[in-house]
Amino acid sequence: MRIRDKRLAALEMLDAGKQAAGHGWVLDDQASATVQYGVDRVVSEGLAELADRDTRAELSALTSRPVRWAARLTPHGRDALLYARALPLPVQDPDEPAPGEQRVHLRPAQMDALRRFVALAAELTTPPADGLAERVHAAHFSRTDNRWRLCLTQQQITSVAYGLYLYRLTCSEAEANRFAREYHVIYRPCPDTGEPTAVVLTQAPGTAHVADPRTTQV
């Protein structure tokens, strides 16, 4: 990924985290070590700032846990992000999928739900699949078709389905249903136990089978 793309990915992540948290800071439980390293670059450019000791103490009191790292956009970072979003940039495809990966195109509402899922990783009983958070933070947005583009493994695709299942329970069914039509996996209650289970849909209408647990996160 080019430096420019890494910079914008870090700014987008900080902006999304700010919107999800009422206090405006992205905390250590919302950003992996890799993501924090990427934020360091934009901090050095004056586009983001790290919380000092007093601010971390306030955030620790607010969240009832120790906060060892927190970052947010500076006014210059917000300007840079706003400017980048306004540019008529050409469509940029993500890297070629590696063996075992598939290109996934997500609508903005689906991506918003996925970002919320990833942000809650440390608190969830069933967290996102390994590497999914990094793929979300590095996703490319195509203005031409209004889609976020990622390359994901089948395990990560199944994990996205779980995140959209949680969104389906609390907000809207449309995102999970649309993802199921396009990528053929959805979470449904198991007929025998009632437990939410990943179901792989086939091309034939009305047919499905329970996903192989060796390839799923839940």
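How many bridges join strand β4 (residues 101–106) and β6, and in which sense do the two strands pair? They pair over six bridges, in the antiparallel sense. The legends below describe close-up views of a predicted model.

**View 1. Three strands, β4, β6 and β5, form an open sheet.** The strands are arranged in the order β4-β6-β5, and the pairing is antiparallel. β4 and β5 are the edge strands; each has a single partner strand, so one side of each has no neighbour in the sheet. On average, neighbouring strands of this sheet are turned by 35° against each other, direction ignored. Helix α5 lies across β4, β5 and β6 and runs at about 110° to β4.

**View 2. Strand β6 covers residues 147–153.** Six of its seven residues are buried, so the strand is largely enclosed by the rest of the structure. With β4, strand β6 shares six bridges, and here Arg103 stands opposite Cys151 in β6. Strand β5 (residues 140–142) pairs with β6 over three bridges, again in the antiparallel sense. In that pairing, Phe141 stands opposite Trp148 in β6. As background, side chains in a regular strand alternate between the two faces of the sheet.

**View 3. β5 and β6 form a hairpin.** Four residues lie between the two strands. One residue of the turn is Asn146, with a positive phi of about 60°. This is a positive value in a residue other than glycine. Is Asn146 buried, partly exposed or exposed? Its relative accessibility is 39%, so Asn146 counts as partly exposed.

**View 4. His184 also has a positive phi, of about 65°, although it is not a glycine.** His184 is found in the loop between α8 and β7. The relative accessible area of His184 is 23%, and because buried means under 20%, His184 counts as partly exposed.

**View 5. The largest nonpolar core has 27 residues.** Which residues have the most contacts inside this core? They are Leu106, Leu114 and Phe179. The elements that give two or more residues to the core are β4, α5 (108–119), α6 (132–137), β6, α7 (154–170), α8 (174–183) and β7 (185–189). The largest share, seven residues, comes from α7. Apart from this core lies another, of 17 residues, including Met13, Val42, Leu47 and Ala48.

**View 6. The surroundings of Leu106 include Leu114 and Phe179.** Leaving out residues up to four places away in sequence, Leu106 touches Met111, Leu114, Asn146, Arg147, Trp148, Leu150 and Phe179. One of these, Asn146, belongs to the loop between β5 and β6.

**View 7. Leu164 is found in helix α7.** Leu164 has a relative accessible area of 1%, so it is buried. Not counting residues up to four places away in sequence, Leu164 touches Gln110, Ala113, Glu175, Ala176 and Phe179. What distance separates the C-alpha atoms of Leu164 and Met111? It is 9.5 Å, while along the chain the two residues are 53 residues apart.

How values were computed: Residues are numbered from 1 along each chain as its sequence is written. This is a predicted model: local features need pLDDT of at least 70, side-chain atom pairs count only at pLDDT 80 or more; totals for chains, interfaces and linings use all residues. Side-chain values use heavy atoms; hydrogens and water are left out. Buried means under 20% relative accessible area, exposed over 50%, partly exposed in between (1.4 Å probe, protein chains only). Two strands pair if DSSP finds at least two bridges between them. A nonpolar core is a set of buried Ala, Val, Leu, Ile, Met, Phe, Trp, Tyr and Cys residues joined through side-chain atoms within 4.5 Å. Contact means heavy atoms within 4.5 Å. Axes are lines fitted to C-alpha atoms, for helices over the stretch in contact, and angles run from 0 to 180 degrees between N-to-C directions.
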